[in-house]
Amino acid sequence: MVRRMSVVVITGGSRGIGAATARRAAAAGWDVCLSYVSDAASGDQVAADCRAAGRAAVSVRADVTSEDDIAALFAAADELGAVTALVNNAGVVAPTSLVQDMSADRLQRMFLVNSVGPFLCARAAIGRMLAAGRGSIVNVSSRAAALGSPGQYVDYAASKAAIDTFTLGLARELAGDGIRVNAVRPGIIDTDIHGSGGDPGRAHRLAPTIPLGRPGTADEIANAIVWLLGDEASYVTGSILDVSGGR
Ligand code: NAP
């Protein structure tokens with residue numbers, strides 16, 4: 001099979017799963033346009049790592065909740081070449097809370113970043129993919145979507161369930177256009193996100209609950225994402241792949 005790669009846009013590529021995906025994608029032959037929202041130094045470092053792997057790469061400050069930022073992100077990607085891939089990776093959690101205590105501001109932020117942002121980024125990508133005649137979108141969901149995360153963050157789980165349904169619908173909507181859409185559902189992965197939710201030790205504390213007995217690494221999720229992006233997954237669309245150390 002002839003490999004056809006060009007530019008992949010990766011949201012939240014400055015740290016964790018997104019950074020690992022950027023590095024893995026560059027190693028696989030993609031040029032990379034990644035976004036961050038606050039950590040410019042980390043975003044620049046990941047882009048430099050991608051360039052060291054021999055690919056073009058840029059890091060752009062772009063909040064996935066801002067249409068203007070998304071337009072600037074894709075304009076920067078256009079400078080690298082034809083955008084034929086998107087990884088909707090940026091996501092947030094909030095501190096553990098019961099639903100009855102969740103503020104409207106928290107809920108709006110959670111759904112804006114985790115659910116609306118991927119729609120807006122896909123919207124920007126689809127026109128470019130239609131023009132290119134091909135494309136691949138990978139949405140980063142969570143096993144929480146299937147579990148509901150009671151007593152922890154039902155809002156986060158529900159925002160990721162929206163991503164699963166988005167994946168199914170968009171995959172069917174675009175199948176006739178040569179654009180594949182899939183999702184990866186990570187389990188408990190050792191990244192900064194647990195600290196940002198107020199519980200930095202969470203991934204290792206929960207290790208005994210995972211069939212494989214340990215949290216996953218960002219690289220293990222990146223491997224699945226980059227496989228779904230590329231031509232080796234040419235007959236895969238509308239799939240939701242659990243990468244969770246068992247279930
Ligand atoms: P992380 O280490 O906290 O990194 C989050 C990334 O998203 C950072 O690059 C951050 O940018 C960026 N980001 C945050 N808010 C953003 C916004 N509004 N607009 C654009 N970018 C934004 O998270 P992670 O663990 O790698 O998680 C990546 C994805 O995997 C998320 O969708 C998460 O829900 C999902 N996931 C993670 C786990 C896990 O256990 N880690 C499990 C299941 C699913 P800055 O660096 O600038 O802050």
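Which atom type of Asp39 lies 2.8 Å from an oxygen atom of the ligand? A backbone N or O atom does. The views below come from a predicted model.

**View 1. Polar atoms beside the ligand.** Three residues bring polar atoms up to oxygen atoms of the ligand. Ser14 places a polar side-chain atom 2.6 Å from one ligand oxygen atom. Asp39 uses its backbone, with an N or O atom at 2.8 Å from a ligand oxygen. His194 offers a polar side-chain atom, 3.1 Å from an oxygen atom of the ligand. On its own, the ligand has 910 Å² of accessible area, and the protein covers 96% of it.

**View 2. The shell around the ligand.** Helices H1 (16-27), H4 (104-132), H6 (154-174) and H7 (193-196) each give two or more residues to this shell. There are 32 residues around the ligand. Ser14, Ser38, Asn89, Tyr156 and Thr191 come nearest. By type, the shell divides into 14 nonpolar, 12 polar and 6 charged residues.

**View 3. Arg185 and its partner Asp242.** Arg185 sits in strand S6, which runs over residues 179-186. Its relative accessibility is 12%, so Arg185 counts as buried, the limit being under 20%. The side chains of Arg185 and Asp242 make a polar contact at 2.7 Å. Beyond four places in sequence, Arg185 is also in contact with Ser141, Ser142, Arg143, Ala146 and Asp164. Ile240, Leu241, Val243 and Ser244 are further contacts of Arg185.

**View 4. Helix H9 and its cover.** H9 spans residues 218-229 and has 12 residues. From first C-alpha to last, H9 reaches 16 Å, close to the 16 Å expected at 1.5 Å a residue. Its buried residues are Ala218, Ile221, Ala222, Ala224, Ile225, Val226, Leu228 and Leu229. An α-helix has 3.6 residues a turn, so residues three or four places apart point the same way. The cover over the buried residues of H9 includes H1 and the strands S1 (7-10), S4 (83-88), S5 (135-140), S6 and S7 (240-243).

**View 5. Leu86 in strand S4.** Leu86 lies in strand S4. Is Leu86 buried or exposed? Leu86 counts as buried because its relative accessibility is 0%. Leaving out residues up to four places away in sequence, Leu86 touches Val8, Val9, Phe74, Cys121, Ala122, Ala125 and Met129. Ser136, Ile137, Val138 and Leu229 are touched too. That last residue, Leu229, is one of the buried residues of H9. Asp177 is 91 residues from Leu86 in sequence, and their C-alpha atoms are 16 Å apart in space.

Terms used
Residues are numbered from 1 along each chain as its sequence is written. This is a predicted model: local features need pLDDT of at least 70, side-chain atom pairs count only at pLDDT 80 or more; totals for chains, interfaces and linings use all residues. Side-chain values use heavy atoms; hydrogens and water are left out. A residue is near a molecule or strand if one of its heavy atoms lies within 4 Å of it. A polar contact is a pair of N or O atoms within 3.5 Å; within protein, one must be able to donate a hydrogen and the other to accept it, and residues adjacent in sequence count only if both atoms are side-chain atoms. Accessible areas come from the Shrake-Rupley method with a 1.4 Å probe; for residues, only the protein chains shown count as cover. Helices (H or I, at least four residues) and strands (E, at least two) are DSSP runs, numbered from the N terminus. Ala, Val, Leu, Ile, Met, Phe, Trp, Tyr, Cys and Pro count as nonpolar, Asp, Glu, Lys and Arg as charged, and the others, Gly among them, as polar. Buried means under 20% relative accessible area, exposed over 50%, partly exposed in between (1.4 Å probe, protein chains only). Contact means heavy atoms within 4.5 Å. The expected span of a helix is 1.5 Å times one less than its number of residues.
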